[in-house]
Amino acid sequence: MAKKYWLFKSEPEAYSIDNLAKERKVFWDGVRNYQARNFLRDEIKSGDQVLFYHSNTEPTGVFGICEVVKDGYPDHTAFDPESHHFDPKSNPQNPAWFMVDIKFVKKFSKPVTLDEIKSNAKLQNMKLLQRGSRLSIQPVTKEEFNVIVTSGK
DNA sequence: GCCAACGTTGGC
DNA sequence: GCCAACGTTGGC
């Protein structure tokens, strides 16, 4: 299966690229949106490449790259009443929520900011730019991925 | 901190 | 199944 490309959003206060650079690998838990869940469960596979996007910060933008190292599997934090990602609708027999593992690849020397993305003619179709787009996991095309990686360095 | 846009919930 | 109310997201 051909490699696919994604954009994962996170608030740096929740989990930042620097955290990932330190830990090297992490499970991407806590996604509680059905559209994003379907991507995690069905489409995101080991080897896929991911743009790491930070929202709610200054500036917002893509801060680096990571790589999927484990296909989708049940998000166990949904089973844990102690977790603030707990969801009583989910249980191990019939998990509602999924996650993947990602590993750190690189942090850009300079983030590719939302402003730069908005002003790049090649990136106008990105879901990120669609009005009110709140999806925390979005597919990106190989071309979009390459354009961003090239300008991020 | 504001607020528009969005997804989810729950009463009917 | 509709839709108002509510909570969350995320740019500014």
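In this predicted model, His54 is found in strand S3, which covers residues 49-54. With a relative accessible area of 3%, His54 is buried, and its side chain takes part in polar contacts with backbone atoms: the backbone oxygen of Ser10 lies 3.1 Å from a polar atom of the His54 side chain, while that side chain also reaches the backbone nitrogen of Ile17 at 3.1 Å. Leaving aside residues up to four places away in sequence, His54 touches Ser10, Glu11, Pro12, Tyr15, Ser16, Ile17, Thr60, Gly61 and Phe63.

From this histidine the description passes to the nonpolar interior. The largest nonpolar core has 23 residues, and those with the most contacts inside it are Phe8, Leu20, Trp28, Ile44, Ile102 and Ile137. Two or more residues of this core come from each of strand S1 (5-10), helix H1 (17-23), helix H2 (34-43), S3, strand S4 (61-74) and strand S5 (98-113); S5 gives the most to this core, with four residues. The surroundings of Ile102 can be listed in full: not counting residues up to four places away in sequence, Ile102 touches Phe8, Leu20, Arg24, Lys25, Val26, Trp28, Cys66, Glu67, Val68 and Val69. Apart from the largest core lies another core, of 17 residues, among them Ile117, Leu123, Val140 and Phe145.

Helix H4, which spans residues 142-152, has Glu144, Phe145, Val147, Ile148 and Gly152 as its buried residues. These residues lie on the same side of H4 because they cover an arc of only 165° around the axis. They pack against S1, S3, S4, S5, helix H3 (114-119) and strand S6 (137-140), whereas the face of H4 turned away from its buried side carries the exposed residues Glu143 and Thr150. Following H4 is Lys153, whose phi is positive, near 60°.

The contacts with DNA can be taken one strand at a time. Around DNA strand C are the residues Lys9, Tyr53, Ser55, Asn56, Thr60, Leu114, Lys118 and Arg134. Of the atoms of DNA strand C that come within 4 Å of the protein, 70% belong to sugar and phosphate. The polar contacts of this strand include both backbone and base: an N or O atom in the side chain of Tyr53 is 2.8 Å from a phosphate oxygen of DNA strand C, and an N or O atom in the side chain of Asn56 is 3.2 Å from a base nitrogen of DNA strand C. Arg134 takes part through its own backbone, with an N or O atom 2.9 Å from a phosphate oxygen of DNA strand C. By residue class, the surface near DNA strand C divides into two nonpolar, three polar and three charged residues.

For DNA strand B, the surrounding residues are Tyr34, Lys89, Arg131, Gly132 and Arg134. Sugar or phosphate supplies 56% of the atoms of DNA strand B within 4 Å of the protein, the rest belonging to bases. A polar side-chain atom of Lys89 lies 3.4 Å from a phosphate oxygen of DNA strand B, and a backbone N or O atom of Arg131 lies 2.9 Å from a phosphate oxygen of DNA strand B. The residues of the surface near DNA strand B divide into one nonpolar, one polar and three charged. Arg134 belongs both to the residues around DNA strand C and to those around DNA strand B.

Note on methods. Residues are numbered from 1 along each chain as its sequence is written. Chains are lettered from A and ligands numbered from 1 in the order in which they are written. This is a predicted model: local features need pLDDT of at least 70, side-chain atom pairs count only at pLDDT 80 or more; totals for chains, interfaces and linings use all residues. Side-chain values use heavy atoms; hydrogens and water are left out. A residue is near a molecule or strand if one of its heavy atoms lies within 4 Å of it. A polar contact is a pair of N or O atoms within 3.5 Å; within protein, one must be able to donate a hydrogen and the other to accept it, and residues adjacent in sequence count only if both atoms are side-chain atoms. Ala, Val, Leu, Ile, Met, Phe, Trp, Tyr, Cys and Pro count as nonpolar, Asp, Glu, Lys and Arg as charged, and the others, Gly among them, as polar. Buried means under 20% relative accessible area, exposed over 50%, partly exposed in between (1.4 Å probe, protein chains only). Contact means heavy atoms within 4.5 Å. A nonpolar core is a set of buried Ala, Val, Leu, Ile, Met, Phe, Trp, Tyr and Cys residues joined through side-chain atoms within 4.5 Å. The arc is that of the directions from the helix axis to the C-beta atoms.
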